[in-house]
Amino acid sequence: MTTRTIIILLGPPGSGKGSQAALIKSHMRLPHLSTGDLLRENVAAQSALGKIAKSYIDHGKLVPDAIILDMIMHRIEQEDCKKGFLLDGFPRTLVQAQALQLALSASDQLFIINLKVDDAMIIERISGRLICSKCMTPYHLRFAPPKAANVCDACGGELYQRADDTYEVIAKRLAVYHQQTAPLIEFYQNYPGFSTIDGTRSKEAIFNELVNALHIKS
Ligand code: AP5
Ligand code: MG
């Protein structure tokens, strides 16, 4: 059986999961599966799933487990995930973590990276964030500005501000994180592939530590 490398990026909203995923993707040939990005694609396409998901996302609530599991479990069975994949924003509840466990096999190599950032810094990061409408790369007006205003460095796409990046929704997302997602730290912390990384430093410093945690060459 092929050994799959499965990386879970765990962390509160704005902790840098998407930013680190972009760096990991360029070093490892693993598909980046962000449940948030998949949901936003569905919202933009006004699919049936997108119409249901939108009201949850806009209010900072989690989309129901059954919808998320249906979406992601089909995705990880696709051909490009045969050698592994990088999960960003999934799992986010104990139910999701348990469902993922059932989809793993003994030969899988699992890494869980827990990015630790305090709430005050999260609010600062999210309130200045811009996202590429084409490739989803995150930028920040002060911390990671694009070379040209409102244009993605990577693909030339137009940058926009996410609808759930308002102060009120960020506060709700943080509360939901502490209540429903933070318990996953305890769920995973005894795994040999579990690492907690200080996510308050520069993107490069975090990535260097992450590379060491993944035992890969940068
Ligand atoms: P999702 O899209 O997953 O959002 P999130 O978890 O709230 O996290 P973010 O994408 O906001 O932050 P990030 O950690 O990726 O940080 P980023 O790299 O962008 O989910 C959105 C919604 O979808 C949820 O609220 C929920 O409704 C739904 N959903 C998704 N998955 C679900 C699931 N599994 N179950 C149920 N519902 C689900 O960085 C943030 C900013 O900081 C950027 O501007 C960036 O440039 C900057 N930055 C990053 N790193 C640094 C650094 N080291 N120094 C300075 N600035 C930095
Ligand atoms: Mg993200």
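Helices (H or I, at least four residues) and strands (E, at least two) are DSSP runs, numbered from the N terminus. On that basis, Gln46 sits in the loop between helix H2 (35-45) and helix H3 (48-58). The model is predicted.

**Overall fold**

The chain contains nine helices and eight strands. Its radius of gyration is 16 Å, which agrees with the value near 17 Å for a compact globule of 218 residues. The C-alpha trace spans about 45 × 40 × 30 Å along its principal axes. Buried residues make up 48% of the 218 residues. Among contacts with a separation of 6 or more, 71% are between residues 24 or more positions apart.

**Surface and charge**

The exposed area of the chain is about 11,100 Å². Carbon and sulfur atoms supply 54% of that area. There are 24 positive and 22 negative side chains. The centres of these two sets lie 3 Å apart.

**Nonpolar cores**

In soluble globular proteins, nonpolar side chains tend to be buried together. Here the largest nonpolar core has 27 residues. Ile72, Leu87, Phe90, Leu100 and Tyr188 touch the most other members. Elements giving two or more residues to this core include strand S1 (5-10), helix H4 (65-76), strand S4 (109-116) and helix H8 (183-188). H4 gives the most, with six residues. Another core, of 17 residues, lies apart from this one. Its members include Ala21, Ile113, Ile206 and Ala213.

Leu87 shows the packing in the largest core in detail. Not counting residues up to four places away in sequence, Leu87 touches Ile6, Ile7, Ile8, Leu9, Leu33, Ile72 and Leu100.

**Backbone exceptions**

Most residues other than glycine have a negative phi, and most peptide bonds are trans. The table lists two residues with positive phi.

| Residue | Phi | Relative accessible area |
|---|---|---|
| Gln46 | near 55° | 57% |
| Asn150 | near 65° | 42% |

Gln46 is exposed, because its relative accessible area of 57% is over the 50% cut-off. Asn150 counts as partly exposed, because 42% falls between the 20% and 50% limits. Asn150 belongs to the loop between strand S6 (138-140) and strand S7 (159-160).

The peptide bond joining Phe90 and Pro91 is cis, with omega about -5°. Pro91 lies in the loop between strand S3 (84-88) and helix H5 (94-103). Phe90, on the other side of that bond, is one of the residues that touch the most other members of the largest core.

Definitions and conventions. Residues are numbered from 1 along each chain as its sequence is written. Chains are lettered from A and ligands numbered from 1 in the order in which they are written. This is a predicted model: local features need pLDDT of at least 70, side-chain atom pairs count only at pLDDT 80 or more; totals for chains, interfaces and linings use all residues. Side-chain values use heavy atoms; hydrogens and water are left out. The radius of gyration is taken over C-alpha atoms; the globule rule is 2.2 Å times the number of residues to the power 0.38. Buried means under 20% relative accessible area, exposed over 50%, partly exposed in between (1.4 Å probe, protein chains only). Contact means heavy atoms within 4.5 Å. Accessible areas come from the Shrake-Rupley method with a 1.4 Å probe; for residues, only the protein chains shown count as cover. Lys and Arg count as positive and Asp and Glu as negative; His and the chain ends are not counted. The place of a charge is taken as NZ of Lys, CZ of Arg, CG of Asp or CD of Glu. A nonpolar core is a set of buried Ala, Val, Leu, Ile, Met, Phe, Trp, Tyr and Cys residues joined through side-chain atoms within 4.5 Å.
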